[in-house]
Amino acid sequence: MPGAPLAGVTVVALEQAVSAPLCTRALCDLGARVIKVENPDGGDSARHIDDVVNGLAAHFVWVNRGKESVALDLKSEAGMRALHLLLDRADVLVSNLTPGTTARLGIAPDDLARSHPDLIAVEIDGYGQGGPLSHKRAYDLLVQAESGACAITGHPGAPAKPGPPMADASTGLYAALSIVALLFAGERRAVAVSLFDTMTELMGYALTYTRHSGVDQQPRGMGSPAVAPYGAYRTADGQTAVLGTTNDREWQRLARDLLGRPDLADDERLRTNPGRVEHRDLLDAEIGEWCARHDLAYVQRRADEAGIGNARYNTPGDVLDHPHLKARDRWRSIATPAGPVPALLPPPVISGYDPPMGAVPGLGEHTDKVLAELGLTDGEIVELRGRSG
């Protein structure tokens, strides 16, 4: 695509579920060609998580648009030969197979350094190498629990997994960032990114606080253990307003200009954030009582006028029709094997560049085309398909 930041970059993906697929979709959004190598017996496991998108799985549709699917049986010699032909022409290999799989296939980073020295080899795994958990399978929930993220989500005594797949998604984006950095530098190195290392990085504030205070902060639901007031409050029209302050100046504006309570603003107990955290129940009661007397529109208008951060609590169904997405034309239609479906544009808005928003591939849809590009004859392709099917 003309003007694409990663035009001319070819990525081969051996991927399942979310972390690696989101990494490669981010690269695809930037113009890279992504060839997704799938097992002909079912393909990416994410294809089968559900069937809500006209028979397709929501996870798969989310993170696989714009890719080319090639079905290869990597347990066969012919399948591995075809993979190596792909790697000969590729710039990047991204994989997140189960622990030890790339080594068994002879395509671990050390192997590729010898067989494909011009390749950026990226391995995404659960826990990284060299530790007591390195052998374990890792899914988003498991790593969020292991890293402590669930302990600071939810409510005291009722921990919860953060809703979005934070471990998977953040790991995929760290991997994509590493690839872009190496491409920019013109270097070919191996990259290893683990879900556990990513989640402990995202836990940086909580871990730093606990190390130096000796206190495990408790989850606060829609609030924050770090600052107050900061939370969700019901309004007179049955909606929920989310209001937050992050410093003492904002607190003064909230108390004086929004609530009309100079007595709270002058209360010495509430002058600094540590004091407000200690007395958060008092603050939540006062703010909750004020919000309960007003409609959401009034609360948000007054908060905007006072320079106080605020939002409306929305469900996923609400966000589908969010006026801010509509006004900024953030939805596009993408092709899938089951017909066109809506999809959001990727977050980066790059001047002069329109993301390709390519189709979601069917399993093995591009096998013949890609293998022909590698120089295989029609007979060899038919033979390989027979062995792969």
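Is Tyr209 buried, partly exposed or exposed? Hold that thought for a moment.

Quick housekeeping: this is a predicted model, where local features need pLDDT of at least 70, side-chain atom pairs count only at pLDDT 80 or more, and totals for chains, interfaces and linings use all residues. Residues are numbered from 1 along each chain as its sequence is written, and side-chain values use heavy atoms, with hydrogens and water left out.

Okay, aromatics. Searching the whole structure turns up three aromatic pairs (ring centres of Phe, Tyr or Trp, using its six-membered ring, within 6.5 Å; planes under 30 degrees apart are stacked, over 60 edge-to-face, the rest tilted). Tyr205 and Tyr209 have ring centres 6.0 Å apart and planes at 50°, so that pair is tilted. They're about one helical turn apart because they sit four residues apart in helix H9, residues 204-213 (helices are DSSP runs of H or I, at least four residues, and strands are E runs of at least two, numbered from the N terminus).

Back to my opener: Tyr209 is partly exposed, at 33% relative accessible area, and Tyr205 is partly exposed too, at 44% (buried is under 20%, exposed over 50%, partly exposed in between, with a 1.4 Å probe and protein chains only).

Then there's Trp290 with Tyr298: centres 6.2 Å apart, planes at 40°, so tilted. Here Trp290 is buried at 5%, while Tyr298 is partly exposed at 28%.

Last bit, the inside. The largest nonpolar core has 31 residues, and Val11 and Ile179 are among those with the most contacts inside it (a core is buried Ala, Val, Leu, Ile, Met, Phe, Trp, Tyr and Cys joined through side-chain atoms within 4.5 Å). Helix H7 gives the most to this core, six residues.
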